[in-house]
Amino acid sequence: MLTKITLDNFKSFKNAETIDLTKTNYTILPQNVADNGVLKGCIFVGANASGKSTIILGIKLLLDFLFSERNLNSGIFICMFGDRPCYSLSYDFLIDKKTIHYFFEVDTIKSMISEKLYIDDKLMLERMGLSAKSYIAEDNGVNYDETDVGKDTLFLRTLYFNTKFASNSVLKNWMNYLKKSIYVNMFDKKIISYDNAEISVVRYLDKSGCQSINDLFNEYNFEQSIEYKHSIEGGRVKLVVGNDESEKYIFFKRKGIKVPIPFSEESLGNKNLLSILPAFLSVVENGGMLLIDEFSSGFHNELEKLLVRFFMEKSKYAQLLFVSHSTNLLSNSILRPDQEYSVEFRRENGSTVKRFSSEQPRSAQNIEKMYVSGVFGGLPEYKEVDHEAQ
C-alpha cells in the first residue's frame with residue numbers, strides 16, 4: 001500500500017511537498033486503517049487550480065510509466081515557473097511488511113533520467129542516464145548500459161517486463177498491487193485499468209452479471225435495481241434492443257414503478273454511479289489504488305458519503321485517493337483528520353499541502369466548519385458579492 005508520495009518541481013509544485021498515508025494517533029474510524037497501519041486513502045480539497053489533481057497525476061504517472069507507453073522526458077511535467085531543470089517523484093509503499101522506496105528524477109535539459117529503488121534501506125537498483133546497476137537478482141549487482149537502458153523509459157519498467165521480478169517476491173507483489181489500480185476522471189468520463197480488468201460497465205455486466213451491483217443497491221437501500229438484457233417489459237411498455245438477441249442494454253427498475261428506464265434516459269448521477277461501480281468493486285475486492293479526480297461530478301452529497309464509507313468498510317488492502325469539492329465529506333464520521341488534505345496555490349511559491357491532523361482537531365469537533373472558516377487553509381479568496389441591490 002502507498003504510504004508516502006513526494007512531488008518536487010512537478011507541475012504546480014515548485015517546492016517539495018509530501019503526502020503521508022500512515023496513520024497518526026487518532027482512534028476513530030478504525031475501519032479506515034488497514035491492519036498494517038496504512039490509511040485506506042485520503043481526500044484532497046481546495047480551490048480550483050490549486051494543485052489537487054496534480055497529486056493524483058503524480059501517482060497515476062508511476063502507473064503510466066510502468067505499464068503504458070509514455071515519454072518521461074516530456075517537458076509538460078516540470079514546474080513552468082520554477083528555476084530548476086529537473087522534476088522528481090518519490091514513493092514509499094508497504095508490501096509484505098517491507099518498505100519499498102522508489103525515486104526517479106528527470107532532467108529536461110539533459111534529457112537524463114535518474115532512478116533509485118530500496119527495500120528496507122537496502123539498495124536494489126540505481127540508474128543514471130544510460131547506465132544502471134541492479135542488485136535484485138545478484139548481491140554483487142548486474143551492470144547495464146545503453147543497449148539495455150532506454151533513454152525515455154524507466155529502467156524499473158524494463159527490468160519488470162524482462163524478469164517479472166521472479167527472484168524477489170516483495171517486488172513481484174508490489175507490481176501486482178500497482179497493476180490492480182484504476183484511475184477515474186469523472187468529468188472526462190475516463191477510466192483506466194492497468195491490469196485490463198473488466199471495468200467498463202457493459203464488459204463488467206457481460207462477465208459478472210448484475211448480481212453484485214444489485215446486492216449493493218439492496219444493502220444500502222437504493223430502491224432501484226438494474227437488468228441487462230435484450231428485451232424487457234413492464235406496465236404497458238416493452239423495450240427491445242436491435243434485431244439480434246445477443247444485443248443487450250442496461251435498464252433501471254425502480255421500486256413501485258413497473259416501467260423500465262433505459263440507461264440513456266437516466267439521470268447524470270445514476271449514469272456516473274453505474275459507470276464507476278465496476279472500478280469500486282474491482283479495487284475493493286482485489287486491492288490496488290482507486291484514483292478518482294472530480295469525484296463530485298453528478299453525485300448527491302449522501303451518495304458520495306455512502307461510496308466513501310462503503311470503500312472504507314469493505315476493502316482490506318486497497319486505497320481510495322480522490323479529489324472532491326464536497327466539504328460534507330470532511331466529517332469525523334466519514335474520514336479521519338489524518339486522511340484529509342487541503343491544497344493551496346501560493347503564487348510564486350506554487351502549490352502547498354496541509355494535513356488536517358497537523359492542527360490536532362479533536363474527534364468531537366466539526367471538521368467541515370473548521371475548514372470553511374479557514375483553519376486548514378485551501379480556501380479560495382474571492383471577493384464577497386454585494387448583497388444590496390445597486
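Okay, so start at V184, which sits opposite I292 of strand 17. This is a predicted model, so keep that in mind as we go. The strand that carries V184 is strand 10, residues 182-185, and its link to strand 17, residues 288-293, is a parallel one with four bridges.

Now, which way do the side chains of strand 10 point? I182 and V184 go one way, Y183 and N185 go the other, and all of them are buried. That's the pattern you'd look for, as side chains in a regular strand alternate between the two faces of the sheet.

Strand 10 has another partner too. Strand 11, residues 190-193, pairs with strand 10 over four bridges, and here the sense is antiparallel. If you want a spot to click on, N185 stands opposite K190 of strand 11. Strands 10 and 11 make a hairpin, with four residues between the strands. Which residue in that hairpin takes a positive phi? That's K189, with phi near 60°.

Okay, next sheet. This one is open, with three strands in the order 12-15-16 and antiparallel pairing. Strand 12, 224-229, and strand 16, 261-262, are the edges, each pairing on one side only. Strand 15 covers residues 249-254, and two bridges join it to strand 16. To find the contact between them on your screen, go to F251, whose bridge partner in strand 16 is P262.

Let's go to the surface for a minute. M80, F81 and F345 together make a nonpolar patch of about 320 Å². F345 belongs to strand 19, residues 340-345. So is F345 buried or exposed? In between, actually: its relative accessible area is 35%, so it counts as partly exposed.

Last bit, the whole chain. We've got eight helices and 20 strands. The radius of gyration comes out at 23 Å, and the globule rule gives 21 Å for 390 residues, so this chain is as compact as a globular protein of that length. The C-alpha atoms fill a box of roughly 75 × 65 × 45 Å along the principal axes. Of the 390 residues, 51% are buried. Take the contacts with a separation of 6 or more: 59% of those come from residues 24 or more positions apart. And the chain exposes about 18,800 Å², with carbon and sulfur atoms supplying 46% of that.

Okay, that's my tour.

Key:
Residues numbered from 1 in each chain as written. Predicted model: local features only at pLDDT ≥ 70, side-chain atom pairs only at ≥ 80, totals over all residues. Heavy atoms only, no water. Buried < 20%, exposed > 50% of the residue type's maximum accessible area, 1.4 Å probe, protein only. Pairing = 2+ DSSP bridges. Patch = residues over 30% accessible without salt bridge, like charges linked within 9 Å, V, L, I, M, F, W, Y side chains within 5 Å. Areas by Shrake-Rupley, 256 points an atom, 1.4 Å probe, with all protein chains shown as cover. Salt bridge = Lys/Arg side-chain N within 4 Å of Asp/Glu carboxyl O. Rg over C-alpha atoms; globule rule 2.2 N^0.38 Å. Contact = heavy atoms within 4.5 Å.
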